[in-house]
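Me: I'm new to this one and would like a close look at a single part. Please set the scene, then walk me through that part and whatever surrounds it.

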Amino acid sequence: MKITLKIWRQDGPKSKGKLETFQLNEVEQDMSFLEMLDMLNESLAVKGERSVEFDHDCREGICGQCSLVINGQAHGPESHYTTCQTHMRSFKDGDTIFIEPFRAKAFPVIRDLKVNRDSFDTIIQAGGYISALTGNAPEANNIPIHHNISESAFDSAACIGCGACVATCKNSSAALFVSAKISHLAKLPQGQVERKERIEYMITAHDEEGFGSCTHTGACAMVCPQEVQLLDIARMNYEFNRALCKAT
Amino acid sequence: MALNAKEPKGALKDKWRLYNEHKDLVNPANRKKIDVIVVGAGLSGGGASASLAELGYNVKTFFFQDSGRRSHSVAAQGGVNAAKNYQNDGDTIYKMFYDTIKGGDYRSRESNVYRMAQLSVDLIDHMTAQGVPFGREYSGYLSNRSFGGVLVSRTFYARGQTGQQLLMATYQAMMKQVKKGTLTQYNRHEILDFVLVDGKARGVIVRDLVTGKIERHSAHAVVLGTGGFGKIYYLSTLAMNSNVSATWRAHKKGAFFANPSWTQIHPTALPQAGDHQSKLTLMSESLRNDGRIWVPLKKDDDRLPNDIPSEDRDYYLERRYPAFGNLVPRDVASRAAKERMDAGHGVGKLKNAVYLDFRTAIGKLGVATIKERYGNLFTMYKKITGIDAYKEPMKISPAAHFSMGGLWVDYELGTTIPGLYAVGEANFADHGANRLGANSLLQASVDGNFVLPNTISNFLANEIRTGPIPTDTPEFDEVEKAVKDKLEKLLSIKGKTPVDRIHRALGKIMFKEVAMSRNEKGLIWAIKEIKKLRKQFWNDAAIYGEANGMNSELEKAGRLADYLEIAELMAKDALSRNESCGAHYREEFVSEDGEAKRNDKEFMYSAAWEWLGKPDWKLHKEHLEFHDIEVKTRSYK
């Protein structure tokens, strides 16, 4: 396959970026999207040119490090895929592909296609945990948890923290990300004690980090690689209102 | 230097209790005066970071990813073992110890393994309290599945994303301590070398991967939780950036490296599809609970798998190992697959795969049950291959996966450098010559959360009067200069061969001769080829850009330079062991029916290698003694 690439190049957070054009003539359908970029970088290395910086690690869809916007869609053309799982069979010979970083005020570009997502860490630091210290735990089977509740908590806990929801949202809201953690912990009995503080602190951190508000468009849930449900955002709003009226 | 494993006296089951009763402690007021550097934020490094910070030590955690939540523990799928005996199937701590020692082919230290089995029970409690949504029965109680090499169900799981869920709990515990101010995290930072002061590990030289700036950080002790080095094979189940650099550079500063050649080749990964491939995705071993492995009985049978009737299929694991069937340990399953493929029965375009078939299980349990158990794995399979595995069998193939070898550590997880500790896959302990499935998450978590925070106090108790370690000393000057010189040297090569291309070439040599099956001739050839490749790297690697800024090609080059050194030691280690044990299968040493043949008389030891420079090494032996288990031939028939 012959592919034309239009890739966002930007030296640093404060520099001005621009799209640069590259041509690859020997792309194979079985290649993953990132292997196609490996091929590009090898060709640049041979020419002594600076490689295109992009984030990636596990390449099996679970670490959440890859963060590309491909032809205007976070992670690429397939719904609920990460970039690393996207393969070139999703494209045609002769295609021109636009590759940009995730864009949001809270995700400043570091270089080329790499962005800084420390804001996600800051949100979790605010309260995205259960404060059980090592060595304090009761016997695991002491609290039976209904199969369906545990499974439902898992659905929310599956979030990989990639930030595609933010990159897709027209308001750059991290509502789906925050709600996934809120829902994971609120659904489980272990998470009850810190329920009120958790939602208050996490929402405050979300707003302070520069993420926008949720207006329930639902685009986030369309791209989420783990298919975190929009219903989690409803639960987050419930938790927030509940915290306003209740003492614990 | 004689190796001292520092095993506590007393009966096996009492050792850990006795150790804790007699160790030194640091009082809470003194802990905040003590700095500990942790490298790595996965289950072992992250667990150690969070637990040490909870105790009140000043913890600084370094990792190259953009967040601790991305550490490669995240990718472990199947589960974590614990001797809870929730299934009432006769499990005990001793049975788990027995399975692990036997699974490792009697090449691990009894006291460490027993402690891991003991602490497995606490780990499940701990992780449940942190909110890990383990699989549960409709009664609400925790559910278990079975893994290779055992006769009980002791594996706890969170669908096929157990590693992710344990890592989230660990990461969240870390984040909590960041907020409390006892833990400082340095993301996108890579360790380039270690600073020793008066023989003790007192600091690190790191590179900020965003700015390229070289920084000095000091501490009273350093903990490495940097994982394994299976990525040396280039094609592996590991993350692209997983590397050996931290442990290797510690090795070159005096930490002995043990059993480096013992690499687990996982039997159920996706096969390679072409030369461009960068990664072999793992399909969890848990699939072997319900999937049956087979190849066509006839060579080069071109029929589609569903068109091949039962009588033309060879369920070779069930045939060769009737007692354990599809659930034999990984080394056995990988070798058996290789044997069939070498004999011409491989399937797929490159004839490099075998079938993993769910037809029987779906017939018995229905699609819905299979979907709930392995749904995400089937989805992942479809995303990568485009094939629906509910309708036709998966194609799977062996791939490099886990490093049983690593830095040599004593019972306290201390390396041969005082003040330098290694936890999780970075050390060599617990798994012997072959790791059992679902023991990796266990060892990493137990080392980080329960063992290290308790053993390190024995060392730190003597540091309460030391005061902060200054970084403006000749020791730091010297190491920083060496680090900068090496970066300059890499950038001055300005050659023509891309770094990845050299890495692929190294991977091919290693997978051919230093992987599933080894022999003297092949190993000698491999050493020669590795040396040639190392020369090519230093003469012709294409590394451009600058050191004072983000430069991922430079990062890769630094890691590959280390791989090109440890590769030689791996081959040398394999060559020095004239026996077969676990994953180390020497073709010259096999039984009549083709199984691995140990030589306990001469090789019942862990090989700990000392760096002598140039590169050259000296072998030290930790002789293994088994008092609580009868040493037998490992059989799964």
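**A helix in chain B and its setting**

Reply: Let's start wide: 62% of the 637 residues of chain B count as buried, a label given when 20 or more other C-beta atoms, placed from the backbone, lie within 10 Å of a residue's own (12 or fewer is exposed, in between is partly exposed). Keep in mind that this is a predicted model, where local features need pLDDT of at least 70 and side-chain atom pairs count only at pLDDT 80 or more, while totals for chains, interfaces and linings use all residues. Residues are numbered from 1 along each chain as its sequence is written, with chains lettered from A and ligands numbered from 1 in the order in which they are written.

Chain B holds 17 helices and 21 strands, both being DSSP runs numbered from the N terminus (H or I, at least four residues, for helices; E, at least two, for strands). Its C-alpha atoms fill a box of roughly 75 × 60 × 50 Å along the principal axes. Take the contacts in chain B (C-beta atoms, placed from the backbone, within 7 Å) between residues at least 6 apart in sequence: 74% of them join residues at least 24 apart.

The part I'd zoom in on is helix 5 of chain B, which runs over residues 110–129. From its first C-alpha to its last, this 20-residue helix reaches 30 Å, close to the 28 Å expected at 1.5 Å a residue (that is, 1.5 Å times one less than its number of residues). There's a kink in helix 5 of chain B, though: about 35 degrees, centred on Ser120(B), taken as the angle between axes fitted to the seven residues ending there and the seven starting there. Most of helix 5 of chain B is covered, with 17 of its 20 residues buried. Just past the helix, Gly131(B) takes a positive phi of about 100 degrees.

Helix 5 also has a part in the meeting of the two chains. That contact takes 65 residues from chain B and 62 from chain A. On the chain B side, helix 5 is among the elements giving two or more residues, along with helix 3 (43–55), helix 6 (162–180), helix 11 (367–385), helix 14 (499–513) and helix 16 (552–576). Helix 6 of chain B gives the most, nine residues.

One of those elements, helix 14 of chain B, is where Gly507(B) is found. Gly507(B) counts as buried because it has 20 C-beta neighbours inside 10 Å. Beyond its neighbours within four places in sequence, Gly507(B) is in contact with Tyr233(B), Tyr234(B) and Leu235(B). Ala567(B) sits 60 residues away along the chain, yet its C-alpha is 9.5 Å from that of Gly507(B).

And the partner? Chain A has eight helices and seven strands, and its C-alpha trace spans about 65 × 35 × 35 Å along its principal axes. Of its 248 residues, 53% are buried. Chain A has an open sheet of five strands in the order 2-1-5-3-4, with mixed pairing; strands pair if DSSP finds at least two bridges between them. Strand 2 (18–24) and strand 4 (73–74) of chain A stand at the edges with a single partner strand each, so one side of each has no neighbour in the sheet. Strand 3 (residues 68–70) and strand 5 (residues 96–101) of chain A run antiparallel, joined by three bridges. Val69(A) has Glu100(A), in strand 5 of chain A, as its bridge partner.
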